[in-house]
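This report describes strand pairing, helix packing and one loop residue in a single chain. The sequence and structure are shown first.

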Amino acid sequence: MTTMIDKIWQADFQQQTFRQLLNAFSRPGSIVALPNAGGRDALGVLATLIDGETSLADPHGLLTDNDLLRLQLRPSKLEQAMYIICQGARPVDFEPRLGTLASPEYGATLIVLVDSVCAGNPRYRLSGPGIETFATLSLQGLDSGWIQQRSQWNSAFPMGVDMLLIADDGLVAVPRTTRITEEN
């Protein structure tokens, strides 16, 4: 008798997800499709990025105890976490780690769940490395304070945070090098 293992924990799924994450980070603001994770896209991304050497904070309680067990990690304090999974519809109420001038790679990666990366208002204009001229992004389900807070976190570049915006309709990477302005 064989035991069925959920596909998000299998190598093929994680390799496909990793390829899509590379595509997203190489073209900030572009919407990429993730492999079908059965409505658990964020968990699929975490299963791809997280291992026993990384740390994760879940301030909005988005993961179950079983998820944490399968990820093989212990929750971390927000200010120490390498990854933070959070709900974009909620106001920003934490301070992530930003790295240091000597080690900016220690800035956190925020995995922000939103309702849509294809529709909604406001629209944002993105520019910076990996974007030929500019890109536009429409988001639904992101509290208005996120973009301003992200700007403050990234104001002492190269320190700052990288963001992955995840919705049912796709994933968008917004590295700290990307400039965002609201269009209206």
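## Three-stranded sheet

Leu126 stands opposite Ile180 in S8. The model is a predicted one. Arg125 also has a partner in S8, where Thr181 stands opposite Arg125. Strand S8 covers residues 179-183 and runs antiparallel to S4, with five bridges joining the two.

S4, which spans residues 123-127, also pairs with strand S5, residues 135-138. This pairing is antiparallel as well and has four bridges. Here the bridge partner of Arg125 is Thr136. Arg125 is thus bridged to Thr136 in S5 and set opposite Thr181 in S8.

The three strands make an open sheet in the order S5-S4-S8, with antiparallel pairing. S5 and S8 are the edge strands; each has a single partner strand, so one side of each has no neighbour in the sheet. From one strand to the next, the twist averages 30°.

## Five-stranded sheet

A second open sheet contains five strands in the order S1-S2-S3-S6-S7, and its pairing is mixed. Its edges are S1 (56-57) and S7 (170-174); because each has a single partner strand, one side of each is left without a neighbour in the sheet.

Within this sheet, strand S3 (residues 109-113) runs parallel to S6, and five bridges join them. One of the residues involved is Leu113, whose bridge partner in S6 is Ile166.

## Helices across the five-stranded sheet

Two helices are described against these strands. Helix H1, residues 11-26, lies across S6 and S7 and runs at about 50° to S7.

Helix H2, residues 41-49, lies across S1, S2 (83-87), S3, S6 and S7. The angle of H2 to S6 is about 140°.

## Asn154 in the loop before S6

Which elements flank the loop that holds Asn154? Helix H4 (145-153) lies on one side and strand S6 (162-167) on the other.

Is Asn154 buried or exposed? The relative accessibility of Asn154 is 9%, and the cut-off for buried is under 20%, so Asn154 counts as buried.

A polar atom of the Asn154 side chain lies 2.7 Å from the backbone nitrogen of Val161. Val161 is also among the residues that Asn154 touches, together with Met159, Gly160 and Arg176, when residues up to four places away in sequence are not counted.

Conventions:
Residues are numbered from 1 along each chain as its sequence is written. This is a predicted model: local features need pLDDT of at least 70, side-chain atom pairs count only at pLDDT 80 or more; totals for chains, interfaces and linings use all residues. Side-chain values use heavy atoms; hydrogens and water are left out. Buried means under 20% relative accessible area, exposed over 50%, partly exposed in between (1.4 Å probe, protein chains only). A polar contact is a pair of N or O atoms within 3.5 Å; within protein, one must be able to donate a hydrogen and the other to accept it, and residues adjacent in sequence count only if both atoms are side-chain atoms. Contact means heavy atoms within 4.5 Å. Two strands pair if DSSP finds at least two bridges between them. Axes are lines fitted to C-alpha atoms, for helices over the stretch in contact, and angles run from 0 to 180 degrees between N-to-C directions.
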